[in-house]
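Student: I should like to learn how the terms used for a protein structure are justified. May we go through one model together?

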2 protein chains.
Amino acid sequence: MVRARTQRMLQLSLVVALAGAVWVSFRAQSPVREVSLLVTGGTVVTVDGARGIFAPGAVAVDGTDIVAVGPAADISNRFSARDRIDATGSVVIPGLINTHTHAPMVLYRGLADDVSLMDWLQRYIFPAEAKTVSPEMVRTGTRLAILEMIQSGTTAFADMYYFEEEIARVAKAAGMRAVPGQTIIQFPVADAKTPADGLTRAEAFIKEFQDDELIVPAVAPHAMYTLDAKSLVASRALANKYGVPVLIHFAETAAEVKNSETEHKMTPVRYLDSIGFWGPRTLAAHGVWVTAAEMPILRKHGVGISHNPESNMKLASGIAPVPEFMTAGLTVGLGTDGAASNNDLDMFEAMRQAALLHKLHSGDPRVIPAPAALEMATIAGARSLGLDRLIGSLEPGKRADLAVVSMASARQTPMYDPVSHLVYATRGDDVRTVVINGRVVMRDRKMLTLDEPAVLAEARKMAGSVRAAVTPATK
Amino acid sequence: MVRARTQRMLQLSLVVALAGAVWVSFRAQSPVREVSLLVTGGTVVTVDGARGIFAPGAVAVDGTDIVAVGPAADISNRFSARDRIDATGSVVIPGLINTHTHAPMVLYRGLADDVSLMDWLQRYIFPAEAKTVSPEMVRTGTRLAILEMIQSGTTAFADMYYFEEEIARVAKAAGMRAVPGQTIIQFPVADAKTPADGLTRAEAFIKEFQDDELIVPAVAPHAMYTLDAKSLVASRALANKYGVPVLIHFAETAAEVKNSETEHKMTPVRYLDSIGFWGPRTLAAHGVWVTAAEMPILRKHGVGISHNPESNMKLASGIAPVPEFMTAGLTVGLGTDGAASNNDLDMFEAMRQAALLHKLHSGDPRVIPAPAALEMATIAGARSLGLDRLIGSLEPGKRADLAVVSMASARQTPMYDPVSHLVYATRGDDVRTVVINGRVVMRDRKMLTLDEPAVLAEARKMAGSVRAAVTPATK
């Protein structure tokens, strides 16, 4: 009897084991999908609608797209991958979106600090630009800027400068997402003698990159004080013709508002409204001196704002009414501005500064809490560029733009809240790995799409010409 | 004749060669002094009286002291060294001096952000402190804080907390310079039931460290609103008896000033003056709400100010009148405050924030230029602690406290001005090597006086108790 019972148990065990094997095999074969990349083991901060955080979480990427985000165990069961990134001890975030910069100006970084705005422009930036801006300079500067941006977790940037076709080409080659805006400006500049020339160049530029998967070409009328009404309206018309974004500076300084009131009897916002400039897909940078009464005008046209707290502080421009923008229903993204007025392109600094500055200004330490600062640098930035269906959060169906951020340093120890740490205790240098459009562009600090030593050497070489351009000749 | 001539030339050559050899040998043996350490090849920013910069420069250190600073070639000719640090591509600066922190509070880093000051104190910090402050907690937190400080180029810090004898011992063991101030406070705290207990402990503490070469013991009456006049005066008397510094918080919030005016019919500055509190070697932290009329009182007593821009922003305390302090002849050092209100101890961030904040506030981008921010973090900090004869600049005769800061990153490229880059483009993480009192405490990011993994593990373990202390029990 003992023997018969043992036999039955053995038979039963065999059946269970076989069933288990079949089930495991079924689980392993049928629902497991092979994808191109799995980022697993880290705390995934999605910045999705529910502000979901998975710890530990994982992101499954196939080709250019995110196909799943969730708890690490769940994703590991459902996907196998040809490439894996172990994010243990790190936080995985949507790639940061810099909504306002002038990439090549990294070559003027630290060239003119602590001087009046007039000196900054007249004695340093304008002479340097007059003597050094060229396609080569733009390429060299953009490579350096993109190197710095990727190294600090930025995966997309909106740009306003000259020779934007060069910026677009360099970005594309580096696997970087960008919204380069071809500058339209009234006076002669390096790439255009007249606004009409600029518009012609902008149209050619739009055509070149119209259907690109990384580059969204844009038109960038410089500002209402550097363009006449005709050129402003023509810039708007060109953008509307192709459905591309418009980038513009506005209400940055008190002097700009005062001059506008003198010349046009209107503030910059109302003047631009009066000529029919405001329209869809507009990203307006700074807005320091916008009043509450003007916000409905911007809201009506869906204008996005790029807030640049560091530049506004360093150039003493003032404090943009960011909490008021948000209350008025405006979308506010974050920017660094050019490195000549910051002096870096680190969006972690921009997040921290936005959170600190508006607490101070409002007298309320609850204003711009850490999650709001992170949203400005991600999903709101995407929305301000009209790109929130594609980027700005970690959600299935969006493009795979993400950064893996280490939380291992003494400075980040201990960690009670990953979002607090991202904003208040993390630097761009903590970013270890960056993925853009599904492609790993930096892996464990090693750049895969740019030759880092060559980019630095080239930039240092060009700095010699810049220095010479602003140094008065001695006899 | 040709032959004779050749012979004479040969003889002459021999004489010249011999003379040369004798001269080289004389140069090599006689004036060359052997010292313990040479830091060579970098750009040396001395922050001395002439604000000298040597590029490339060198610093010769013998034992605890700097013996020479100058052009690299000159120093190399005059000194040989048992140890060398190659600072090529880096900037060598005086070690940064953090004039106000609460080191163990790194364990509360990010525990309570974006809440009102009342909630911050009542719901988080006070409960956490009531349940977790102990000698062990203070040791664990201080090790973590010193790790972070050394890694970010800070070589001395003034501290106000409990169990300061533990802080002093940990600092000494880590080779860190510190001015730990034993807290005197009216209500019962972890290390003292009464102010009298606190004063007794403070006196014992002063005696233990009176002649230490790294530790300068201090008395730290918490603030005018947490102590009665008797305890404030007794704190002053104790400090005067031993000639040690006094550390105190003052005029940090508008509410503090208002309450003082209600209770004492005087502002904090005037109240402390009326009871005879102000005196030599006092370092008063914050001073956000000091008026121009009060500055001469502080000046008369030689009171130093610790400016904490990041904490003042994050807690929405206000903006200290720093340019006005300077105009009034007051010495202003920089501090980070505790990591619970910052959230890090990186003095490079404090420098940048001081420079940006006062530009913004004054509306003048020339205010607090980069050299002034660097001075606040070095020589002015030393002066505010009465230690400027010993530290705060790279000069012969001072203690060798210095940091070697890399300038090689994309973020720092190109470099036109090393001082601009130190303030506007550099992070604590760029610091490669740190020397304190002539001893190399971190070399090429490797900690030599602290077991980094053990310090981090210990802190993470203790964070569990902190989290439990502020989490309401669930049923």
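**Reasoning from values to terms**

Tutor: This is a predicted model. Let us begin with strands: β9(A) and strand β10 (residues 177–184) of chain A pair in the parallel sense over six bridges.

Student: What makes β9(A) and β10(A) count as a pair?

Tutor: Pairing requires at least two bridges between two strands. β9(A) and β10(A) have six bridges, so they pair. Within this pairing, M160(A) stands opposite G181(A) in β10(A). Between the two strands the chain passes through helix α5 (residues 164–173) of chain A.

Student: Why is the β-α-β crossover from β9(A) to β10(A) called right-handed or left-handed?

Tutor: One looks with the strands pointing away from the viewer; if the path from the first strand over the helix to the second runs clockwise, the crossover is right-handed. The crossover from β9(A) through α5 to β10(A) is right-handed.

Student: Which strand is joined to β9(A) over four bridges?

Tutor: That strand is β8 (residues 96–101) of chain A, and the sense is again parallel. Here N98(A) stands opposite F157(A) in β9(A).

Student: How many residues of β9(A) are buried?

Tutor: Eight of the eight residues in β9 (residues 154–161) of chain A are buried, and the strand is therefore described as mostly covered.

Student: Why is D113(B) classed as buried or exposed?

Tutor: A residue is buried if 20 or more other C-beta atoms lie within 10 Å of its own. D113(B) has 26 such neighbours, so it counts as buried. D113(B) lies in the loop between β8 (96–101) and α3 (117–132) of chain B.

Student: What does D113(B) touch, not counting residues up to four places away in sequence?

Tutor: D113(B) touches A370(A), S420(A) and Y424(A).

Student: How many residues does each chain give to the contact?

Tutor: Chain B gives 50 residues and chain A gives 51 residues. Several helices of chain B each supply at least two residues to its side, among them α4 (135–151) and α17 (452–470). By class, that side has 24 nonpolar, nine polar and 17 charged residues.

Student: What makes the relation between chain A and chain B that of a two-fold axis?

Tutor: In general, two copies of a chain are related by a rotation about an axis and a shift along it. For chain B on chain A, the rotation is 180° and the shift along the axis is 0.0 Å, with an RMSD of 0.0 Å. That is the relation of a two-fold axis. The same surface serves both copies, as 100% of the contact residues of chain B recur in chain A.

Technical notes
Residues numbered from 1 in each chain as written. Chains lettered and ligands numbered in written order. Predicted model: local features only at pLDDT ≥ 70, side-chain atom pairs only at ≥ 80, totals over all residues. Contact = placed C-beta atoms within 7 Å. Nonpolar A, V, L, I, M, F, W, Y, C, P; charged D, E, K, R; others polar. Least-squares fit on C-alpha atoms with pLDDT ≥ 70 in both. Buried ≥ 20, exposed ≤ 12 C-beta atoms within 10 Å, placed from the backbone.
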